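Student: Got a minute to go through this one with me? I'd like to start with how the helices pack between chains.

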Protein chains: 6
Amino acid sequence: MSAPRSHTYTHFKVTFPVPFVAHVEIDRTSKLNTFTRPMWIEFGVVFAHLSHDPDVRAVVLSGAGEKAFCAGLDVKAAAGETTLGEEGGEVGRKANGLKRLIYEFQEGISQMEVCEKPVICVMHGISLGLAMDIACAADIRFAAQDTQLSVKEVDIGMAADIGTLARLPKIVGSASWVKDVCLSARTFSAEEALRVGFVSRVLQSKGEAVEKAIEMAAVLAEKSPIAVQGTKELLNHARDHTVAENLRYTAIWNAAMVQSEDFKKGLLGAMSKRKPTFEKL
Amino acid sequence: MSAPRSHTYTHFKVTFPVPFVAHVEIDRTSKLNTFTRPMWIEFGVVFAHLSHDPDVRAVVLSGAGEKAFCAGLDVKAAAGETTLGEEGGEVGRKANGLKRLIYEFQEGISQMEVCEKPVICVMHGISLGLAMDIACAADIRFAAQDTQLSVKEVDIGMAADIGTLARLPKIVGSASWVKDVCLSARTFSAEEALRVGFVSRVLQSKGEAVEKAIEMAAVLAEKSPIAVQGTKELLNHARDHTVAENLRYTAIWNAAMVQSEDFKKGLLGAMSKRKPTFEKL
Amino acid sequence: MSAPRSHTYTHFKVTFPVPFVAHVEIDRTSKLNTFTRPMWIEFGVVFAHLSHDPDVRAVVLSGAGEKAFCAGLDVKAAAGETTLGEEGGEVGRKANGLKRLIYEFQEGISQMEVCEKPVICVMHGISLGLAMDIACAADIRFAAQDTQLSVKEVDIGMAADIGTLARLPKIVGSASWVKDVCLSARTFSAEEALRVGFVSRVLQSKGEAVEKAIEMAAVLAEKSPIAVQGTKELLNHARDHTVAENLRYTAIWNAAMVQSEDFKKGLLGAMSKRKPTFEKL
Amino acid sequence: MSAPRSHTYTHFKVTFPVPFVAHVEIDRTSKLNTFTRPMWIEFGVVFAHLSHDPDVRAVVLSGAGEKAFCAGLDVKAAAGETTLGEEGGEVGRKANGLKRLIYEFQEGISQMEVCEKPVICVMHGISLGLAMDIACAADIRFAAQDTQLSVKEVDIGMAADIGTLARLPKIVGSASWVKDVCLSARTFSAEEALRVGFVSRVLQSKGEAVEKAIEMAAVLAEKSPIAVQGTKELLNHARDHTVAENLRYTAIWNAAMVQSEDFKKGLLGAMSKRKPTFEKL
Amino acid sequence: MSAPRSHTYTHFKVTFPVPFVAHVEIDRTSKLNTFTRPMWIEFGVVFAHLSHDPDVRAVVLSGAGEKAFCAGLDVKAAAGETTLGEEGGEVGRKANGLKRLIYEFQEGISQMEVCEKPVICVMHGISLGLAMDIACAADIRFAAQDTQLSVKEVDIGMAADIGTLARLPKIVGSASWVKDVCLSARTFSAEEALRVGFVSRVLQSKGEAVEKAIEMAAVLAEKSPIAVQGTKELLNHARDHTVAENLRYTAIWNAAMVQSEDFKKGLLGAMSKRKPTFEKL
Amino acid sequence: MSAPRSHTYTHFKVTFPVPFVAHVEIDRTSKLNTFTRPMWIEFGVVFAHLSHDPDVRAVVLSGAGEKAFCAGLDVKAAAGETTLGEEGGEVGRKANGLKRLIYEFQEGISQMEVCEKPVICVMHGISLGLAMDIACAADIRFAAQDTQLSVKEVDIGMAADIGTLARLPKIVGSASWVKDVCLSARTFSAEEALRVGFVSRVLQSKGEAVEKAIEMAAVLAEKSPIAVQGTKELLNHARDHTVAENLRYTAIWNAAMVQSEDFKKGLLGAMSKRKPTFEKL
C-alpha cells in the first residue's frame, strides 16, 4: 500500500548503514539534542514511516554528536510554542489545553513503541528527562560508558509524564530502585543501568555502542520479518496483559502467521542448515 | 482542611529528625516489635495522619531497639483479641469473621502505601512474616547488614495474606526467587535482598541505615511536594495498570499539577541554578 | 474423590524418590527429548494427575538422559501429526485448525502451571524452543552448568506461541534482555540465566541439579500442603492481577484456609519448636 | 467482634420496622434533604455500622418528609465547609485539596455499596444530583409515582463525580439514554426510570413505596444471611470483572460458605418444605 | 483432525432435525431433568464434541418432556456423589475438595459458551436454579409461555456458583432487576423474562418454541461458518474486554479470516443476489 | 493552539445550523452513502477537526439525501483501493496488510468517539453494515420511522470488524438480542431499535429527526463545555473500567475542572435562576 519513501526530516537524520537497517539520529547538537514541540511531532512521523517501510527491518536510535543523547525538553522553546509558560488564564481551559498537549507529546514518543520494527536505543553522554522517556519506549537499550542518566522531572517541579513512570517499573526488576531514581532525580551511571537491567550492554564509547547496535540490528534484519515483528508485538502485548490473555491473542496471531512462507522457509533452513532469505514485509 | 497534628501514639514513636521528615518507629521492643490487633489498627492511623500533615514530606520507618525490625504477628495476642484461636464454631460465620479481620489487617498495613508521602523502610535484625508485608508496602527499602529476612507464613501453616504475596512479585525481578523464598520460608540475608533488588541499599548497621534513610528523606523533602507526591502516586498506579492506562491518567493528573507554582519555581530554579523553596502541600 | 493412581505413561517417566515428591522425566532421549503431539497431550495428563494426587506435594521435572532437557518441538513429526505441513488449503479453515491446535498445545503445557503442587524445573544440556516454554510454566528453575538455552522460534520463522512470550517478561526483571534473547534467538548460558533471575540456582552437573531439586522438593513436602499450595496459587494470581485484586482474593481464600487444622498445627509447632506432621490434601 | 449498637445519628434517622430490617431516613427536611459535608461523612458511618451489625439483614433508604428524597448537595453549605468556594489560591495545592475532598465524598456514599447487607433505595419527590449518585450505589431501586429525577450536575458547570457516571452505565441497558440524561440534565419521571430499568418498581406514593420496600426487605431478612450477603457481594464483583474472574472468585467464596450450617438448613428446608431459621451473621 | 462422530450419550439425546443443526435434549424426565454429577461432566463432553464437529453449525438446547427444562441440581444425588453431604471433616481439606468440585461443575456448563457454534436455549416449564446457570451460558434464549424461572439458590442457603451471578448482569439491562430476582429467589414468568431482555422471544408452547429455535438455527447454518463462529467468538470477547481491546483482537482475527473463501463467496453472493454454499469448517 | 478552521471536505458536508452546533452529512447519495477508503480516512479527519474547534460544542451526524443513512462499505471500490480483492499472495504478508488496513479503518470511525464534543447520530432509511459501526461510535442515537437497520456483515462471509461487535453489547441491555441480530444479519426496524434501547428516540421522518437532533444539540451547546465534554469523557471511561477505577479517574479530572470559571458561573446561575454564558473551550 505504500510507495518507497525518502527519509528526509528537519530534526532527525536517517541513514541506512546496512541493508534493512535504519539509523535515526536526534539532530540538534547545538542544543544538546533537547526537544522542541515540532521535534516531538516529527519524531512520531519518523517512526510511523519506518513502521510501514518494507525496506526497514530494524532501527537504531542515537543522538547526533558526542555530548548528549538528549538533554531533555528545551523548556524555553516549549514555553514559547505552547501555553506552558503563560501567566494566568482560566484554570479549566488551561487544563484542557495541557491535556491535549501532553497527549500529543506522549503519542509522538509512543510511536517508537508502536513501530512494527524493533528499535535499539543507544544512550550516551547526557541522557536526562525526556531522554529516559524515549529510551523507555525502545525495545533494547545499549549505553556508552560515559552515559549520565537521570529521571530529572522532579527537579523542575513536576512528575514525568511522557512515559518514564508508566514504563520504567515494567522494564527493570527492582521497584525500590525505580522509586529511588524517580523520586530523587539523582544521576546514575551506565554501569548502574546495566546492573538493574535497564540497558543490556555497556560499551566503551558512543562509537562502539552505535557499531554494536547496528551489528545486532543487522542480525535481526536477516531473520524472518514475520517472526521478528510478531515477537515484538506479542512481547509488548504480554507486558500489559495477563498470561491467559496473551496466550489467546498469540494463538489467533499465529493462526494466520504460521501459514506464511517464512515459516516454511524457516523450517527448511533449520533442517538444511542453510540460511533462508525472506521476502519484504 | 486540617489543624496541626500532634503525633503521639501508643505503639509507635514518631519524631521529626529534620524539617519535613517524620521517623516512625515500631515501639514494642519487649516483644521484638511483633504486632497485636490494636497495633495494626494504629499503624493505619499513623500513616493516615502523616499522609495529610502538611509538615511532613517524607517518612522513615524502622523498628525501635536493636534486635528486630519486626518479628511478625504476636500470634498469642492475636488469638486472644480475635476469633482466630477459637475452637469449633460455625464454618460460614467464622469465614465471614475472618474475612472482615483480614480486610481490617490489610487496610491497616496498606495505609502506608496509600500515604501520599514517600516512605523509606529500614529493615534490621529479625524481619520475618509481617515484617515482609510491611516492607513490601513501603516505597524504598534499605537494610542493615545484620538483617535476617523471611516470608515465614508457610511455616505456621498458612499462606501470607497481608500483602507479601500480592506485592513481592512486582517488587523484585525474579519469579523463580520469589517462589523459592515464599514456598520454602527460608531465611535470606540483606546481601541476597540487595542482589535481587528487594532493598536498594545495605548499610553496616541499623544506626547507619536509619541515618542514610533520613538523609535521603531530607533530600526528598527539599523538592517540590507536588512533584514528589505525584511521582509516588503515578508509579503506584503504573504497577497496577497498562502503559496506555497510566499515560492517560498521568496526562489528566498533570493537566492540573503542571499549573502549580512549583513547576514555575522548578523551571526557574533549573535555569538559574538556584534551589527553590516550595510551599506546604 | 480420587483413587490412588499409578503414574505410568508412554512419554514420561514418573518416579517417587522421596515421600510426597514426584520426579517427572521427559523420556525421549533418542530424539533429544523433542516433543510430538501425543507428548504435549500426555504432558497435560501427567500434571493433571499429579495435581490431584494426595500422595504428591512437590514435583521435579527434568529431561531423561544427559544430552538435553528438551530440544524443542519435533517439527518433522508435528508436520505429520497435524496439518502444519500441508500445502495449500483454504486459509480460513486452516487458520481455524491452527487456532485449535495451538490452544491444545498451550493447554497441555499450561497444565503444569495449573497443577496445584509446586514444580521445580531442572534444565540441563540442550534447552531450546519448547524447552523455554515449558520452563516458563514451572514455579522454580534450576540449571546445570552445561545448559544451553535459547528462545529459538524466530529462527524457524515464527513467534513463540506456547508461553515463552507470555510468561518470560513476568519471570525476569530486564525487558531489554527479554527482547534481546527473544528477537535474536541467541543461545545463553546457565550463568547468564542466573544473573537475570531466570533460574535461581546453577549446579555443577545435571545429576547435582536434580539432587538439589529433590532436596528442595522434600523440604516443601514436609510443610503444610494447605499453606504451600495456597502460596503457589496466590502468587500465580498476583502475577496477573493488581495488588488490590490479589488482597481481596487472598482474604477470601484464607477465610476458609485459616480454619484448617494445618494452621493450628503450624502455630503449635512454631511455639513448641517441634515439626508438625500434616494430613494429606 | 462487636457489641450491640445503638443507631443514633445527627443527620439520619434509623428505625427497625420489622425484625432484622433497618430503615434509614435522610433527615434534613428543612433543606429538602440536601447534603452538607458532615452528612456525607456520617452517611458512611451509618452504613459501616449497619454492615457489621448482626441484627440487621436488609436496609431500606428513603428521605424523610414528603417533598424530596434528596435535592442534591447543599452547595452553599459545602462552600463554607470546604475550600470549594474560595477565590484564588495556588492551582496545584487546590487540586490536591479537591482530590482529597472528592475521595472523602465518594467514600462516604460508596459505603452503602460496600455494606454487606442489601439496600433498597426508595426514591420520591425531588431526586436530583447527589440523589442519583446515592441511588446508583444501592442494590435495588423503587420509586414513588411523583419522583422527579435528574442527573443535574452539568447545569452547575461540572461533571458528576460522586458515582452516577461510574455506575449508571452499568445499571441500565441503554447507553444512548444514559448519555441523553447525563449530558442534558433533563428531568425524567418514575415511569421513564422504570422503562429503562433504573428502578424495578413504581408505587403510587412515597408511603406505599416505603411499605413495599420494607416488605421486600423482610422477605430477604428471613433468608440465610450467608446466602443473601454472598449473593450481593458476588453480583457486585461480577459487574466489575470478567465472567472467568467471577467464576474463580465465586468458587473460592463458596469453598468456605457451602460448609456453613445455612446450606444444610436450606437443603433440609427445601426438601421438607419447612422454612428454616438462620443464625445471626 | 477429527473423524465423524456419533453423538450417543447417557443423559442427553442429540438429534439432527435439519442439516447442520443439532438438537440437544436434557434427558432425565423422571426427575424433572435435574442434574447429577455424571450429567454435568457429560454436558461438557457433549458440547466439546459439537464444538469441533464439522457437520454441526448451530445447536438448539431444550429439556426432554413437557414438565421442565431443568429443575436444578439433584441435591440428594449430588450429596451421594460428592463430599457435599458429609458431616464434619477438616475445614481446609473440605474447602479444597469443594473448590475442585465447583471448578469441575463450572467447566462442564461453561463448555456450552466455549462451544464454537451458536447455541439457542429453549426454556419451558420448570426452569430454576441450575436451569438459569445453563441458560446464561447459551447465546440466544427463547421461552415457552408456561416457563417458570427462578434464581433459586438463595433458598437453599447458598449463593449461585455455576454462572448465573457471573453472567446474568451482563445479559440483561437492569441491575435493579438482577439484584431483585437473585436476592429474593422469586419466580418470574416468560413475559417478564422477555421484558427485561433475558429471552428474545416467547412462544405459545414448548413445541412451538423448539420449532422456531430450529428454524432460526437452520438460518444460521446456511451462512458462512467462518462468519457465524467468528461473530460468536468476538461478541463473547467483547463482553469481557474494553472496546479498544476488542477492536485490536478483532483486527488480528480478521487478518486471517477475511482471507477465507467464505468472504469471496459472500461478496459474490451479495452482488449476484444468489445464496452461496459454504464448505465445512 | 489552533486557528479558526474552515470545514470543507470532499465526502462530507459540514454546516452550522445554530451557534456552536455542527451538522455533518455523509455526502455520497449516488451510491447510497456507501464508504470508500478515502472516506473512512476523511471521516477521521472531520471529527479530529471538530474535536478541537472551539466554535463547536455539539455535533449532529446524518446521511445526505432521503434514501440511506449509509448502505455500508462500497465493497467494489474497497477491493480496488486495497488488497482486499487480490487473488493469491503470501498469506502472512496479506495478513499483515489486512491488519494495518483494519486498524486504519477502525481508527477513522473511532475518531467520532474520541471527539471531545457529543455526537448525536440520526439514522434513516437504509442503515446497514458500516452504518451500524458508525452509529455505535456516536453518543446518542435517533432514528426516523423508516430506518431499516442490519448488522449485515455475516451475510458477506465475515465478522463485523469496525466496531459493532465491540460496542453494541455495551450499548443495549439484552445479550440475547445482540446475538440474534449479529448472527442472523436480519433487518430490524426503528421501533425495535427503540425498544431495546439502541436509539433513544424515533421520529416521523428523517427531516424531523434531524430537526430534533439539532434542537437537542443546541441545548447541549448552551451549557458549560467543561461540564458537557467532561461528562462525555467520563461516561466513555466508565464503560471500559470498573467503578473503582472510574471514581479515581473522575476525582483527578475534577480536581482541575472544578476550579474552572464554569463551575462558579454554573453555581451562580443555579442560585440566581439566570442562564450563564460560558467561554469557548
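**Helix packing and chain symmetry**

Tutor: Sure. Helix α9 of chain D and helix α6 of chain E cross in a right-handed way. Keep in mind that this is a predicted model.

Student: Which residues make the contact between α9(D) and α6(E)?

Tutor: On the α9(D) side you have D:V228, D:T231, D:K232, D:L235 and D:N236. On the α6(E) side they are E:V178, E:K179, E:C182 and E:L183.

Student: And how many of those are nonpolar, polar and charged?

Tutor: The contact residues split into five nonpolar, two polar and two charged.

Student: What about the axes, at what angle do they cross?

Tutor: Roughly 150°, with the axes coming within 9 Å. Here α9 covers residues 225-239 of chain D, and α6 covers residues 175-184 of chain E. Over 145 degrees counts as roughly antiparallel, so that's how α9(D) and α6(E) run relative to each other.

Student: OK, switching to symmetry. What turn lays chain A on chain B?

Tutor: A turn of 120°, with a shift of 0.0 Å along the axis, and the RMSD is 0.0 Å. The two copies are therefore related as by a three-fold rotation axis.

Student: Which C-alpha of chain A is nearest the axis?

Tutor: That of A:G173, at 2.2 Å from the axis. The copies also use different surfaces: 7% of chain A's contact residues recur in chain B.

Student: Last one: how many helices and strands in chain A?

Tutor: Chain A has 11 helices and 10 strands. Its radius of gyration is 20 Å, close to the 19 Å the globule rule gives for 281 residues, so chain A is as compact as a globular protein of that length. Its C-alpha atoms fill a box of roughly 70 × 45 × 40 Å along the principal axes.

Conventions: Residues are numbered from 1 along each chain as its sequence is written. Chains are lettered from A and ligands numbered from 1 in the order in which they are written. This is a predicted model: local features need pLDDT of at least 70, side-chain atom pairs count only at pLDDT 80 or more; totals for chains, interfaces and linings use all residues. Side-chain values use heavy atoms; hydrogens and water are left out. Axes are lines fitted to C-alpha atoms, for helices over the stretch in contact, and angles run from 0 to 180 degrees between N-to-C directions. Helices (H or I, at least four residues) and strands (E, at least two) are DSSP runs, numbered from the N terminus. Angles under 35 degrees count as roughly parallel, over 145 as roughly antiparallel, 65 to 115 as roughly perpendicular and the rest as oblique. A crossing is left-handed if the near helix is turned anticlockwise from the far one by less than a right angle, and right-handed if clockwise. Contact means heavy atoms within 4.5 Å. Ala, Val, Leu, Ile, Met, Phe, Trp, Tyr, Cys and Pro count as nonpolar, Asp, Glu, Lys and Arg as charged, and the others, Gly among them, as polar. Copies are superposed by least squares on the C-alpha atoms of residues with pLDDT of at least 70 in both. The radius of gyration is taken over C-alpha atoms; the globule rule is 2.2 Å times the number of residues to the power 0.38.
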